[in-house]
Every structure is written in C-alpha cells, then in structure tokens.
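Open the model in your viewer and get ready to click along. We will go stop by stop, picking one thing to select each time and saying what is there.

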Amino acid sequence: MKLSSAHAIIILYFLSTLLILFAVSTILYQYIAALGSLSEVIKAIGEYRILSALWLSITSSIGATIVALLLGIPLAYVFATKDFLWKSMVETLVIDVPQTFPPVAEGIILLLMLGPTSPIGLNLAFTFAALVIAKVFIAGPFVVSFVSRKFREIRKSGMNLTARSLGADQFQVFTTIFLPLSFNEIAAGAAMCWARAMGELGGSLIFAGVIIGQTETIPTFVATNSQTLLIPSLAASILVTTASALALFSFKRLMAKGE
Amino acid sequence: MALQITKLKAGYGNKVILENCSLSVKGSETVVLMGPSGCGKSTLLLSLVGVLTPSTGKMLLNGKSLDGMPIEMRNIGYLPQDYGLFPHLDVLGNVEYGLMVRGAQKTERQKTALEMLELVNLHDLSRRKIKELSGGQRQRVGLARALAIKPDLILLDEPLSNVDQLTKAEVANKLREVFGRIKIPKIVVTHTPYDAFVLADKIAVMIEGKIVQTGTPAQVFAKPKNEMIGKLVQQLEVKTITKK
C-alpha cells in the first residue's frame with residue numbers, strides 16, 4: 001500500500017508529539033508526584049541538608065561556569081583562528097569526548113590524578129574544588145562549542161582582518177571584535193554550562209564524595225538517598241530541575257529581548 | 001613612486017595564482033585592476049594587505065618594503081567587498097575604530113572621524129546603526145573608516161558589486177567625486193569594465209595572474225592589446241550603446 005503525502009505528514013506529527021509528550025511528562029511528573037504528599041515535600045525542602053546541597057550545587061556550578069569561561073573562551077579563539085596539526089582530534093577530545101564520557105569513569109580518573117595518590121602531589125579529592133573540577137570537565141565543553149562556532153563565523157566574514165588592517169593587533173581584535181560580537185553565544189554557552197553542571201553526578205560522586213554541608217550536592221543527595229528517603233529526594237529533584245529550567249527560560253527571554 | 005610591485009609570485013598552498021606580476025601606482029592616481037573572475041586580482045590585494053605572503057617579488061610602498069611587515073603596521077586602508085563594517089558599532093564608532101586601536105584620544109578621533117564622514121557626505125548619519133544604512137552608504141562608511149587612519153594607500157575590492165543596478169551610476173559618481181578629494185594612491189579591483197571606466201585614472205588589465213595592459217581608460221578602450229581585452233571592452237560598448 002502506498003502512503004499518501006498527507007498520511008506521511010500526520011505520522012511525522014504523531015512521532016514528534018510522542019517525543020514532546022515524553023519530555024514534558026518526565027519533567028512535569030515530579031510536580032504531579034509531589035502533589036500527593038505536598039506537606040512532606042514542602043517540609044523536606046526546608047531541611048538544612050537539602051538547602052545546603054542546593055547551595056553547594058548552585059555555587060559549585062557557578063564556579064565551574066566561571067572556570068569554563070576563563071579557559072573556554074581563549075580555547076575557542078585558538079580553535080577558530082589557528083590551524084595546527086591534529087586540530088580536529090584535539091577538538092574532538094576537548095569538546096565531544098567529555099560530553100559522551102561515562103561520568104563515573106571521569107570521577108575515577110580525577111581521583112587517581114588529583115586524589116590522595118596524585119602523581120603530581122596535589123590532593124583535591126573530597127573538597128569543594130573537586131566538585132568544581134568534576135563539573136568543568138562535563139559542562140565546560142558547552143562554552144567552547146558555542147563560542148568557537150561564533151568565532152569561526154567572524155573569522156569567515158574577514159572582519160578580524162579588516163580590523164587588523166586598521167591597526168589593531170591580534171589581542172585588540174580579540175577584545176574589540178571577537179568578544180563583543182559573540183556576547184550572545186558566550187551567554188548561551190555559560191547558561192548551558194551552568195544548567196549542565198547543576199545536574200552533574202558521576203564525577204562529583206566519586207571525586208568529591210558526599211560530605212554533608214561540604215560536597216553533597218542535590219544530584220549526589222538524590223543518588224545516595226532515593227531508595228531510603230524518597231520524599232526528600234523528590235523535593236531535591238524538584239529544586240534542581242526548577243532552578244535549571246527557570247535559569248534557561250530567563251536566559252532565552254533575555255536573548256529574545258536583545259535581538 | 002608611491003607603490004611599486006615587482007615580479008610578484010603568490011598563491012594558496014601549491015596553487016600559484018600570481019606570477020611575474022608587476023604594477024606601479026603614482027601620487028594620488030586611481031588604478032583600477034580589471035580582469036575576469038579568478039585572474040588573481042583579489043590575491044594581489046590580499047598580498048598588499050598582508051593576508052597572503054608572496055613567495056617571490058617585491059612590494060615597495062613609499063620606498064619601504066612590505067615584505068614580512070605585519071598587517072597592522074602597513075598603514076594600508078582596505079575596503080573589502082562586503083565593506084567589513086562592524087555591526088556592534090555605530091557609524092561613528094566604525095570610522096573611529098582605527099584611531100581608537102592606535103591610541104588616539106576620544107576628542108581627536110571623533111574630530112577626525114567626523115571630518116572623514118563629511119568627506120564622504122555622511123556626517124549627518126554618524127549615530128546610525130550599520131543595519132540602518134543602504135548599500136551605497138555602507139560603502140562610503142567603509143571608505144571613511146579606511147581613510148580615517150590616514151593611510152599611505154587605499155585598496156577597494158569590488159566596491160560597486162553590492163550596489164543595486166538602479167543606483168549604481170549614482171553611487172559610482174559619488175565614489176569618483178570622493179576619489180578626487182583623496183590625495184593618496186588608490187587601487188580598485190573589479191571584474192566589470194563599466195566600473196573600471198567610471199572610476200579609473202589608469203586601468204591595469206590582469207589576466208591569468210599577470211598585468212597584460214596598463215593605460216588610461218581611453219587608451220585601453222581604443223587599443224585593447226589582445227582579443228580577450230577586446231572582448232571585455234566590447235561588453236562595455238554594447239552596454240553604453242544600449243543605455244543611450
């Protein structure tokens with residue numbers, strides 16, 4: 001039987017609706033589940049342990065985003081403007097691999113590299129710094145990826161060369177052309193990096209551990225307590241997903257206003 | 001002699017585009033580099049700007065060699081085909097840019113920028129955003145910006161190619177008028193004979209990476225050196241007759 005064009009379109013719409021339903025229902029179901037035991041959820045949200053985990057999630061993610069911006073923007077500039085041997089491989093290693101890397105494996109590697117048996121004698125395991133480092137590895141590539149795409153566009157336009165012909169040296173071109181023209185992409189990369197860092201689990205769990213008030217974040221709290229403390233875990237999930245979603249929505253609105 | 005190019009050889013990787021290319025530009029004359037697409041006009045321009053490094057040959061600007069000189073030290077005003085204006089700056093910001101990166105004081109650079117905008121008849125648009133300008137206005141902002149640094153040479157890559165046909169003659173005449181006020185050598189690249197004949201004091205015809213004929217528009221028009229140049233000139237004759 002031959003499928004008519006109208007039927008094919010209906011099937012396409014149906015399949016896309018399935019995916020929307022799946023994503024939206026997964027996000028929303030936590031709120032529906034919370035309604036059943038609302039007073040307990042509210043009480044759990046007010047508990048010190050959850051508030052402290054939320055605070056550590058937010059601050060370590062901000063720290064990771066700052067580090068990712070400080071290191072990621074210069075790296076994006078190098079990727080976009082310099083051609084060197086094995087460039088494509090290095091880009092894959094720095095941008096793509098961390099996003100697909102098993103996070104627990106990342107945790108183990110970081111623990112071996114910067115833990116009690118560190119070959120360089122630097123032990124950062126089970127500290128706030130460990131939390132930040134674990135998050136930078138997973139979430140930092142968002143900054144490099146967003147920003148280098150825009151930097152490449154600028155290079156392709158030749159504006160950097162025009163600026164140099166007017167007397168700007170390479171650093172002036174970076175600060176007066178590349179950076180201001182990429183403001184939106186830098187902000188987008190930072191927003192995505194922060195949101196991803198908020199949800200990071202594997203690396204933090206192994207490298208930073210789960211020390212209440214010191215390294216326990218919302219994802220590590222949920223991972224270690226979901227079997228025994230279901231309601232507090234649900235409350236914690238609601239907090240972290242709501243914070244990330246609000247940040248991303250606000251960011252998108254700001255960007256839309258700017259355009 | 002303002003600019004002297006001698007036996008230049010340049011290209012991309014192993015591909016040679018310019019070979020044995022020589023050209024001289026005197027005083028404040030406007031030389032239009034004309035030739036079919038892909039003949040090496042832009043390669044010559046990019047070699048002068050400093051984007052490409054020629055493998056052999058010499059480029060002397062006011063007696064100074066350009067070989068190995070960084071782009072920002074050459075003091076050459078360059079207007080790319082799409083004018084290369086910076087969209088995050090307004091008209092004045094664009095024209096001031098070169099002076100700003102050279103460390104000029106704000107009052108000094110604003111004064112110079114406004115003078116340049118007056119030169120190209122755009123002083124009343126100094127606070128406009130780039131996206132609010134027409135193609136012809138953008139071109140003149142780009143020219144004002146290139147002139148603001150008081151360059152020793154001006155290079156324009158296909159300045160009329162982004163101007164629509166209806167306003168092309170007007171824009172070309174305005175450009176010609178501005179050229180008359182600029183007392184430095186100018187090189188204009190075009191593949192269109194009409195643009196060449198309107199803008200040039202001297203035409204240099206380039207074919208396959210070499211300059212094959214130079215002369216005033218009247219000379220090139222009356223006595224094309226070979227069949228290919230003859231065909232280019234013929235195109236112009238047909239257009240002129242059709243217009244009349």
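The tour below starts with some ground rules and then visits chain B before chain A.

**Before you click**

This is a predicted model, in which local features need pLDDT of at least 70 and side-chain atom pairs count only at pLDDT 80 or more, while totals for chains, interfaces and linings use all residues. Residues are numbered from 1 along each chain as its sequence is written, chains are lettered from A and ligands numbered from 1 in the order in which they are written, and side-chain values use heavy atoms, with hydrogens and water left out.

**Stop 1: the whole of chain B**

Select chain B and colour it by secondary structure. You should find 8 helices and 10 strands (DSSP runs numbered from the N terminus: H or I of at least four residues for helices, E of at least two for strands). The radius of gyration of chain B is 18 Å, close to the 18 Å from the globule rule for 244 residues, so the chain is as compact as a globular protein of that length. That radius is taken over C-alpha atoms, and the rule is 2.2 Å times the number of residues to the power 0.38. Along its principal axes, the C-alpha trace spans about 55 × 50 × 30 Å. Of the 244 residues, 55% count as buried (under 20% relative accessible area, with exposed over 50% and partly exposed in between, using a 1.4 Å probe and protein chains only).

**Stop 2: the sheet of 4 strands**

Now select strands 1, 2, 4 and 5 of chain B. They form an open sheet in the order 2-1-4-5, with antiparallel pairing (two strands pair if DSSP finds at least two bridges between them). Strand 2 (15-25) and strand 5 (64-65) of chain B are at the edges with a single partner strand each, so one side of each has no neighbour in the sheet. Zoom in on strand 1 (residues 3-12) and strand 4 (residues 56-61) of chain B, which are joined by 5 bridges. Which residue of strand 4 is the bridge partner of B:L3? Click on B:L61 to see that partner.

Add helix 1 (residues 41-49) of chain B to your selection. This helix lies across strands 1, 2 and 4 of chain B and runs at about 110° to strand 1. Such angles go from 0 to 180 degrees between N-to-C directions, with axes fitted to C-alpha atoms, for helices over the stretch in contact.

**Stop 3: the sheet of 6 strands**

Next, show the other strands of this tour: an open sheet of chain B with the order 6-7-8-3-9-10 and mixed pairing. Its edge strands are strand 6 (76-79) and strand 10 of chain B, each pairing on one side only. On average, neighbouring strands of this sheet are turned by 20° against each other, direction ignored.

Strand 3 and strand 9 of chain B run parallel and are joined by 4 bridges; look for B:V32 opposite B:I203. Strand 9 (residues 202-207) and strand 10 (residues 210-215) of chain B run antiparallel, with 5 bridges, and B:M206 has B:I211 as its bridge partner. In their hairpin, with 2 residues between the strands, B:E208 takes a positive phi near 50°.

**Stop 4: helices 4 and 5 of chain B**

Helix 4 of chain B lies across strand 6 and strand 7 of chain B. Select B:Q139 in this helix (residues 135-148). Is B:Q139 buried or exposed? With a relative accessible area of 1%, B:Q139 is buried. Leaving aside neighbours within four places in sequence, B:Q139 is in contact (heavy atoms within 4.5 Å) with residues including B:L79, B:V171 and B:L175.

B:V171 and B:L175 are also among the buried residues of helix 5 of chain B. The cover over those buried residues includes helix 4 and strand 8 of chain B.

**Stop 5: B:P185**

B:P185 sits in the loop between helix 5 (165-181) and strand 8 (186-190) of chain B. At 4% relative accessibility, B:P185 counts as buried. Beyond four places in sequence, B:P185 touches residues including B:A2, B:G27 and B:D152.

**Stop 6: over to chain A**

Finally, select A:T65 in helix 3 (residues 48-81) of chain A. A:T65 counts as buried at 8% relative accessibility. Leaving aside neighbours within four places in sequence, A:T65 is in contact with A:A190, A:C193 and A:W194.
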